[in-house]
Amino acid sequence: LDEISCAVGFTSLKKLNSTIMKRLAFLQSFSKGLIKNSMVCKPYPISEDDSPFFFPVFVKESAISCSVYEFAKAVQHEGVGLNPKYMYVVSEWPWIQSYLGKKPVTPNALMCRNNSFNLFVNENYGELEVNSLVNAILKVEKYYSK
């Protein structure tokens, strides 16, 4: 590695704990806002041991008139940075199948993936972003509510 790469890596590592704490503070505030206001979406539980760069938001599909994926795409169209469908459940990777003794069964991972979208998390997010994100979700929720 060259000196510049080492310096960038070292600087990033020095800020890591602060970055994690800022992300967790944002997620705690976002989760409170979502729990208080949403009838359709539920945040993933947060632990002080987490180091999030994305955050699952569960969608109660029975309460809306579209799929979870369509709901997430609509929230994304409101300007929210998110991944509408996580595509990296290991049991679905075709290239790994030959390395496994039998086809893996991962119902919990699939249930989690199929009923959520992943919000991208940034340590610079604050109350303005919390309000914007919750409001975007509520707008889509209102449109698709049964």
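# Chatting through a four-stranded sheet and its helices

User: Let's start with the sheet. What order do the strands come in?
Analyst: The order is β1-β2-β4-β3, with 4 strands making an open sheet and antiparallel pairing. Keep in mind that this is a predicted model.

User: Which strands stand at the edges?
Analyst: Those are β1 (41-43) and β3 (82-83). Each has a single partner strand, so one side of each is left without a neighbour in the sheet.

User: And how do strands pair in general?
Analyst: Strands of a sheet pair through backbone hydrogen bonds, and the pairing can be parallel or antiparallel.

User: OK, how many bridges join β1 to β2?
Analyst: There are 3, and the two strands run antiparallel. If you want to find them on screen, Cys41 stands opposite Val59 in β2, and Lys42 stands opposite Phe58 in β2.

User: What about β2 and β4? How many bridges there?
Analyst: That antiparallel pair has 5 bridges. Phe58 has Ser116 as its bridge partner in β4, while Val57 has Phe117.

User: And β3 with β4?
Analyst: Those two pair over 2 bridges, again in the antiparallel sense. Leu82 has Leu119 of β4 as its bridge partner.

User: Why is β2 described as largely enclosed?
Analyst: Because 5 of its 6 residues are buried, β2 is largely enclosed by the rest of the structure. A similar argument works for β4: 4 of its 5 residues are buried, so β4 is largely enclosed by the rest of the structure too.

User: You mentioned Val59. Is it buried or exposed?
Analyst: Val59, which is found in strand β2, is buried, with a relative accessible area of 4%. The cut-off for buried is under 20%, so Val59 counts.

User: What does Val59 touch?
Analyst: Leaving out residues up to four places away in sequence, Val59 touches Val40, Cys41, Ile64, Val68, Phe71, Asn115 and Phe117. Cys41 is also the residue that stands opposite Val59 in the β1 and β2 pairing.

User: How far is Val59 from Val75?
Analyst: Their C-alpha atoms are separated by 12 Å, and the two residues are 16 apart along the chain.

User: Switching topic: how many residues are in the largest nonpolar core?
Analyst: The largest nonpolar core has 28 residues, and the ones with the most contacts inside it are Phe30 and Phe71. The elements giving two or more residues to this core are α1, β2 (54-59), α2 (68-77), β4 (116-120) and α4.

User: Which one gives the most?
Analyst: That's α4, with 7 residues. As background, nonpolar side chains in soluble globular proteins tend to be buried together.

User: What does Phe71 touch?
Analyst: Quite a list: Val40, Cys41, Val59, Ile64, Cys66, Phe117, Ile137, Val140, Glu141 and Tyr144, not counting residues up to four places away in sequence.

User: Now the helices. How do α1 and α4 cross?
Analyst: The axes of α1 (residues 3-37) and α4 (residues 127-144) come within 9 Å and cross at roughly 30°. The crossing is right-handed.

User: Which residues make that contact?
Analyst: From α1 you have Phe26, Ser29, Phe30, Gly33, Leu34 and Asn37. From α4 the contributors are Glu127, Glu129, Val130, Leu133, Val134, Ile137, Leu138 and Glu141. Sorted by class, this contact has 8 nonpolar, 3 polar and 3 charged residues. Phe30 is worth a second look, since its name also came up among the residues with the most contacts inside the largest nonpolar core.

User: What about Arg113? Buried or exposed?
Analyst: Arg113 counts as buried, at 8% relative accessibility. Its place is in helix α3 (residues 107-114). Setting aside neighbours within four places in sequence, Arg113 is in contact with Lys85, Tyr86, Met87, Val89 and Glu92.

User: Last bit, the big picture. How many helices and strands are there?
Analyst: The protein chain has 4 helices and 4 strands. From the N terminus on, the elements run α-β-β-α-β-α-β-α. The C-alpha atoms fill a box of roughly 55 × 50 × 25 Å along the principal axes.

User: And what share of the residues is buried?
Analyst: Of the 146 residues in the protein chain, 33% are buried. Among contacts between residues at least 6 apart in sequence, 68% join residues at least 24 apart.

Key
Residues are numbered from 1 along each chain as its sequence is written. This is a predicted model: local features need pLDDT of at least 70, side-chain atom pairs count only at pLDDT 80 or more; totals for chains, interfaces and linings use all residues. Side-chain values use heavy atoms; hydrogens and water are left out. Axes are lines fitted to C-alpha atoms, for helices over the stretch in contact, and angles run from 0 to 180 degrees between N-to-C directions. A crossing is left-handed if the near helix is turned anticlockwise from the far one by less than a right angle, and right-handed if clockwise. Contact means heavy atoms within 4.5 Å. Ala, Val, Leu, Ile, Met, Phe, Trp, Tyr, Cys and Pro count as nonpolar, Asp, Glu, Lys and Arg as charged, and the others, Gly among them, as polar. A nonpolar core is a set of buried Ala, Val, Leu, Ile, Met, Phe, Trp, Tyr and Cys residues joined through side-chain atoms within 4.5 Å. Buried means under 20% relative accessible area, exposed over 50%, partly exposed in between (1.4 Å probe, protein chains only). Two strands pair if DSSP finds at least two bridges between them.
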